[in-house]
Amino acid sequence: MKITNKKNSDPIAEARNNKHFKRYSNEANVRIRFANAVYNARLERQMSQQELAKKSGTTQKRISNIENAEIDLGMGSIYRIAQVLCFDSKTLADIFDCDFICYSIVCGETANSQIEESLTTKLVY
Amino acid sequence: MKIVYYHDPDLKFCPVKQYLSQFNTGSVKDIALLADIDSKIIFLSNQDSHPHPPISKSLHGYAFFEIGRRKPIKRLIRVLYFCNNGMLVLLNAFDKPDDYSSQKIKKNIAKIFDITEIYRQKYLKNKSLYENYK
């Protein structure tokens with residue numbers, strides 16, 4: 001019979017040896033960065049969790065879970081929250097640890113209309 | 001900051017290690033849970049010594065902070081830590097129901113916080129009471 005001394009074992013150090021640990025760890029890091037970005041952007045805009053939930057078509061409890069980095073989100077949810085909080089390309093690139101994400105893909109019409117507006121202004125003047 | 005587990009000389013073990021050992025099953029679900037807690041701890045060790053909401057929160061009336069994590073079956077895991085001289089000291093951990101209002105549970109949590117404050121005081125008196133976080 002195998003006897004282990006649980007009192008002296010280091011569960012996290014042992015879990016690190018598991019082949020799945022790194023993948024879960026990387027996913028957790030993305031959730032943490034997204035949670036931080038949502039929390040900071042929401043406070044910056046002086047929005048409550050309830051308001052953000054309403055604008056992004058979800059519930060306050062879900063926003064709370066997102067800010068606690070506790071749930072994996074689908075693309076639709078990420079898209080809606082990023083739109084409401086107007087995440088720029090740098091914020092999204094930082095969250096997903098990417099070099100670059102095109103702003104116009106993420107914020108669609110808003111970005112395009114802003115670009116068009118600035119071009120029109122330049123042309124007029 | 002360097003991450004360490006508080007080691008209690010009377011109990012002769014680290015309370016956080018002891019708590020987390022229940023997830024040392026090797027199951028994929030528990031590996032994900034430990035990876036999540038580990039990521040949060042490492043994230044906080046790269047910040048300043050203040051609580052860093054939403055990942056960690058201060059506790060009213062106590063000089064340590066809590067890291068939260070949801071357990072699959074409507075339980076919330078809490079890891080309590082504090083920062084001192086460039087060290088992030090993991091003091092204690094426990095879990096509680098997701099949604100509670102009973103006085104009994106509130107009293108139990110207050111008791112855990114009081115024990116954690118004793119751990120913190122013991123550590124401050126003897127700063128060699130720790131084990132490295134690997």
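**Figure 1. Salt bridges in the predicted model.** Over all chains, the count comes to 15 salt bridges, and the structure shown is a predicted model. One of them to look for joins the side chains of Asp72(A) and Arg31(A), with 2.8 Å from N to O. This pair links distant parts of the chain, since its two residues are 41 residues apart. Asp72(A) sits in the loop between helix 4 (60-67) and helix 5 (75-84) of chain A, while Arg31(A) belongs to helix 2 of chain A.

**Figure 2. Where chain B meets chain A.** Here 31 residues of chain B are in contact with 29 residues of chain A. The area buried between the two chains is about 2,700 Å², and carbon and sulfur atoms give 54% of it. Which three residues supply more than any other three of the area that chain B buries against chain A? They are Asn24(B), Ile31(B) and Pro54(B), which supply 20% of that area. The interface of chain B and chain A also holds 2 salt bridges. Try finding Arg16(A) and Asp38(B): they form a salt bridge, and their closest N and O atoms are 2.9 Å apart.

**Figure 3. Two helices crossing between the chains.** Two packed helices are described by the angle between their axes and the distance between the axes. In this view, helix 2 (residues 21-44) of chain A and helix 2 (residues 28-45) of chain B have axes that come within 8 Å and cross at roughly 50°. Because of that angle, helix 2 of chain A is oblique to helix 2 of chain B. The crossing is right-handed. On the chain A side, the residues making the contact include Phe21(A), Tyr24(A), Ile32(A) and Arg31(A). The helix of chain B contributes, among them, Val28(B), Ile31(B), Leu34(B), Asp38(B) and Phe43(B). Sorted by kind, the residues of this contact divide into 10 nonpolar, 4 polar and 4 charged.

**Figure 4. A cis peptide bond in chain B.** Most residues other than glycine have a negative phi, and most peptide bonds are trans. Now look at Pro53(B) and Pro54(B): a cis peptide bond joins them, with omega about 10°. Pro54(B) lies in the loop between helix 2 and strand 2 (56-58) of chain B. You have met Pro54(B) already, as one of the three residues that together supply 20% of the area chain B buries against chain A.

**Figure 5. A positive phi in chain A.** Which value does phi take at Gln46(A)? Phi is near 50° there, a positive value in a residue other than glycine. Gln46(A) is found in the loop between helix 2 and helix 3 (49-55) of chain A.

Methods:
Residues are numbered from 1 along each chain as its sequence is written. Chains are lettered from A and ligands numbered from 1 in the order in which they are written. This is a predicted model: local features need pLDDT of at least 70, side-chain atom pairs count only at pLDDT 80 or more; totals for chains, interfaces and linings use all residues. Side-chain values use heavy atoms; hydrogens and water are left out. Axes are lines fitted to C-alpha atoms, for helices over the stretch in contact, and angles run from 0 to 180 degrees between N-to-C directions. Helices (H or I, at least four residues) and strands (E, at least two) are DSSP runs, numbered from the N terminus. Angles under 35 degrees count as roughly parallel, over 145 as roughly antiparallel, 65 to 115 as roughly perpendicular and the rest as oblique. A crossing is left-handed if the near helix is turned anticlockwise from the far one by less than a right angle, and right-handed if clockwise. Contact means heavy atoms within 4.5 Å. Ala, Val, Leu, Ile, Met, Phe, Trp, Tyr, Cys and Pro count as nonpolar, Asp, Glu, Lys and Arg as charged, and the others, Gly among them, as polar. Buried area is the accessible area (1.4 Å probe) that two parts lose on being put together, summed over both. A salt bridge is a side-chain nitrogen of Lys or Arg within 4 Å of a carboxyl oxygen of Asp or Glu.
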